[in-house]
Amino acid sequence: MRALIITLVLPVLAACASKGPVLDTTNPSFEGDMPVNFSGSWERDYARSQDVNGALNAMFQQRQREVMQQQQANSMSRVGPVQSGLSQREVNAMIDLARLIEEITRPEVLTISQDAYEVRIARKDDFAMSCAFYDGVAQGTDSQYGAEVCSWEGDDLVSHLVLPGGLIISRRYTLSPDGNQLREITTAKSSATRSPLVLHRYYFKFEAPARAFNCVETLSMKRVCSTGELNP
Amino acid sequence: MRQLAALLCLLPALASAQLNVSIAIFDPGIPEDYSLHQDLEVFPKIRKIESLFLPFVLRQALVDSGEWGAVRVVPEADSAAELLITGTIGHSDGEALAISLRAVDARGHEWVQGTYTTDGHYDRIFDGFLADLLASRGQLDDRTLRGIVGLSLMRYAAALVPDAYGEYFESLPDGTYRLLRLPAETDPMMARVERVRSVEYVMTDAIDQKFRELHDEADAVYEIWREYRRWYTNFRSQEARRNELATSSGESGSYEAMRKAYDNYRMDRLAAQEQDKWIVGFNNEMAPIIDKMEQRIAEMNAFVEEGYADWTRILGELFEIEGSLE
């Protein structure tokens, strides 16, 4: 078993009053090779995957349990306001969050390429999620539009994305022991929701059909394709 | 000293002492800490190509000025060169360019040291450096310039036949060199050294030709890259401006606000990934040319190094034989 050390276990998602959550991109690191190879083409397994409505229901139930516990605690101690249930504002926020997550987790196919430095998860109609590590140190991205950093937690690859306004989206990827199934857990939380939305998706590996052409990108001729071997 | 002055007069008269100039390929200036690359906008593959490509632009500017002797781009810095120019790329984003340049003569005296920048006109970046170089040369009289030529030759000769020429100059504690004397004009060993040097110059010129070919092949591709970078920089600033001016997209936590935040991030990442694709395209196009060039240069260097070892041995033996005959 390769030595795997997470020097800084998780990026810290710290609450910040004025700017929303802040992602600590102090680079998580590991030693040795990447623990797992996710390379391949992955198609969603609808039979096992949760849909967003299911995740939303689970989120409601969780919040209702929390509110009820809060009510019981308040009525027993007779302190604090007695909350009658979830506020309409919070309900709307949960629905809004679920709608967004439904949209951004729509791609059915993930194409993952991995080398010694980077795990790249390409999704149709969206940017490729890139987890780059140099000398085992995570290379996060940070701009005015958001911050993203990955880490290895055991054999799980975890990506954290924090966007302006307080939206946090984490994705955890786990490979099954036989290497044929991939689990993706998306956890999302907005500034207006108190509990996260957690969505479980499963993917099975498939062999993408061999391409009829070999293509290479160039600057002067754009994409150059050939049926034979290509040397740019 | 008077004797040395007289001997310097024997060196070929130079039209305003046109020193030969060697330009070492530039240091690409890539920080070892990979995490800095993004913030500093360092594209390592492009930088590596620029470090081979830009010295030729400088070479051309020096040649076009008509003020200098042979100007060569060389794979490694040779401190015995009459005038050696080294450079490190500090910044290059397709639009703005900053290069730290240093010029040192064979005495070890620094002529110019500075960072030169340009916005947009890459071909003009060396204008200031050329002016500084000429100003430095203007401060030296012809005798000093001929002394530099002589010292360069003696340092070369001493490296080849240390026993014969090691005492024709001295190295000073501050790292500079001083010419003490010159061999007789009829010195047969010196004639051999000059022949060896001329052979080496032929090889150096062949290597220089390889850099010239790289420049010719890379020029058009590099211009496409720069055009793209200009577009990209413009796009990014327009995006930032659009976001600043955009009206509120609903209260925090609303679908509209979150969707906008996600879309902004998505566009930012897509633009960055598109740029990565351009870098890969640039590299795909240039890598085979550079590989071929580096292979050829390595072959030529190997030839020179092999020959150099033989020449050193043969000339050393000749020196001993001639010494024993005297």
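**Chain B as a whole.** I began by counting the secondary structure of chain B in this predicted model, and I found 8 helices and 7 strands. I then looked up how far the chain spreads: its radius of gyration is 26 Å, well over the 20 Å that the globule rule gives for 326 residues, so I note chain B as more spread out than a compact globule. Along the principal axes, the box filled by the C-alpha atoms of chain B comes to roughly 100 × 40 × 35 Å.

**Burial and contacts in chain B.** I next asked myself what share of the 326 residues in chain B is buried, and the entry I wrote down is 30%. Turning to contacts in chain B with a separation of 6 or more, I recorded that 68% of them are accounted for by residues 24 or more positions apart.

**The side that touches chain A.** I looked at the contact between the two chains and noted that chain B contributes 32 residues to it, while chain A contributes 32 residues as well. Which helices of chain B each supply at least two residues of this side? I listed helix H2 (35–40), helix H7 (188–245) and helix H8 (255–325). Of what chain B places against chain A, H8(B) gives the most, with 21 residues. Sorting the residues on this side of chain B by character, I wrote down 17 nonpolar, 9 polar and 6 charged.

**Leu101(B).** I picked a residue in a strand for a closer look, and I found Leu101(B) in strand E4 of chain B, which covers residues 96–105. Is Leu101(B) buried or exposed? I counted 22 other C-beta atoms within 10 Å of its own, and because the cut-off for a buried residue is 20 or more, I entered Leu101(B) as buried. Setting aside the neighbours within four places in sequence, I found Leu101(B) in contact with Ile85(B), Gly87(B), Val112(B), Gly114(B), Tyr116(B) and Phe129(B). For one of these, Gly114(B), I also looked up the C-alpha separation from Leu101(B), which is 5.6 Å although the two residues are 13 residues apart along the chain.

**Trp231(B).** For a residue in a helix I went to Trp231(B), which has its place in helix H7 of chain B. I counted 11 C-beta neighbours inside 10 Å, and since a residue with 12 or fewer is exposed, I entered Trp231(B) as exposed. Last, I looked up Trp231(B) together with Arg241(B): the two are 10 residues apart in sequence, and their C-alpha atoms are 15 Å apart in space.

Conventions
Residues are numbered from 1 along each chain as its sequence is written. Chains are lettered from A and ligands numbered from 1 in the order in which they are written. This is a predicted model: local features need pLDDT of at least 70, side-chain atom pairs count only at pLDDT 80 or more; totals for chains, interfaces and linings use all residues. Helices (H or I, at least four residues) and strands (E, at least two) are DSSP runs, numbered from the N terminus. Two residues are in contact if their C-beta atoms, placed from the backbone, lie within 7 Å. Ala, Val, Leu, Ile, Met, Phe, Trp, Tyr, Cys and Pro count as nonpolar, Asp, Glu, Lys and Arg as charged, and the others, Gly among them, as polar. The radius of gyration is taken over C-alpha atoms; the globule rule is 2.2 Å times the number of residues to the power 0.38.
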